[in-house]
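This report describes strands, salt bridges and surface patches in one protein model. Please keep the structure in view while reading.

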Amino acid sequence: MNSNLQTAKEMIENDGFTCVIMNDEMAHVSMDSGIKPLIDFIADGLELKGYSAADKIVGKAAAFLYVKLQVSEVYASVLSVEGKKLLNENGIAVEYGTLTEQIINRKGTGMCPMEETVKDIDDIEEAYRALNEKCKAMAKRKEGLLS
């Protein structure tokens with residue numbers, strides 16, 4: 001594990017961040033849950049090619065976004081088999097704490113909705129569009145519940 005990945009991993013484990021993407025000069029961090037930090041980094045147009053990333057949970061959905069961001073390596077506290085496969089296929093080095101068959105939803109009642117969204121998708125851009133739309137739809141639904 002290189003020093004940037006080690007530092008990012010420690011920030012996930014010790015500092016309460018859910019996502020850390022860094023290189024020798026810059027760190028981008030988030031405490032947001034799910035794939036929101038990755039969607040935001042992409043929307044902000046951040047150039048993260050070659051960066052090291054650490055994340056609490058990486059399934060196929062997050063893996064697609066890390067591929068789109070062109071990071072060089074990912075550490076996941078929890079990694080799905082499909083996420084690992086996708087990262088490996090795209091030349092992204094991966095380390096993890098726990099490997100699991102499936103990422104489940106927050107209620108523990110079934111598959112994570114983001115994983116469900118990309119389960120039959122193989123194209124990075126198609127996955128990004130589908131995930132972005134799903135995030136927007138979920139945010140609108142959440143706003144409706146809070147109004």
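The model is predicted. In it, Y96 belongs to strand β5, which covers residues 93-100. Y96 counts as partly exposed, because its relative accessibility is 35%. Together with V81 and L99, Y96 makes a nonpolar surface patch of about 230 Å².

A negative patch is also found on the surface, formed by E82, E89, E101, D120, D122, D123 and E126. One of these residues, D122, sits in the loop between α5 (113-118) and α6 (124-146). D122 counts as exposed because its relative accessibility is 71%.

Strand β4 (residues 73-80) is largely enclosed by the rest of the structure, because seven of its eight residues are buried. Strand β4 pairs with β3 (residues 52-58) in the parallel sense over six bridges. In this pairing, I57 stands opposite V78 of β4.

The count of salt bridges comes to four. Among them are the following, with the distance given between N and O atoms.

| Salt bridge | N to O distance |
|---|---|
| K36 and D32 | 3.7 Å |
| K36 and D40 | 2.6 Å |
| K68 and E125 | 2.8 Å |

K68 lies in helix α3 (residues 60-69) and E125 in helix α6, so this pair ties together parts that are 57 residues apart in sequence. K68 is partly exposed, with a relative accessible area of 25%, and E125 is partly exposed at 34% relative accessibility.

D32, K36 and D40 are linked in a network of salt bridges. Within helix α2 (residues 36-43), K36 and D40 are four residues apart, so about one helical turn separates them. K36 is partly exposed at 41% relative accessibility, and D40 is partly exposed with a relative accessible area of 26%.

Conventions. Residues are numbered from 1 along each chain as its sequence is written. This is a predicted model: local features need pLDDT of at least 70, side-chain atom pairs count only at pLDDT 80 or more; totals for chains, interfaces and linings use all residues. Side-chain values use heavy atoms; hydrogens and water are left out. Patches are made of residues with over 30% relative accessible area and no salt bridge: like charges are joined within 9 Å, nonpolar side chains (Val, Leu, Ile, Met, Phe, Trp, Tyr) within 5 Å. Accessible areas come from the Shrake-Rupley method with a 1.4 Å probe; for residues, only the protein chains shown count as cover. A salt bridge is a side-chain nitrogen of Lys or Arg within 4 Å of a carboxyl oxygen of Asp or Glu. Lys and Arg count as positive and Asp and Glu as negative; His and the chain ends are not counted. The place of a charge is taken as NZ of Lys, CZ of Arg, CG of Asp or CD of Glu. Helices (H or I, at least four residues) and strands (E, at least two) are DSSP runs, numbered from the N terminus. Buried means under 20% relative accessible area, exposed over 50%, partly exposed in between (1.4 Å probe, protein chains only). Two strands pair if DSSP finds at least two bridges between them.
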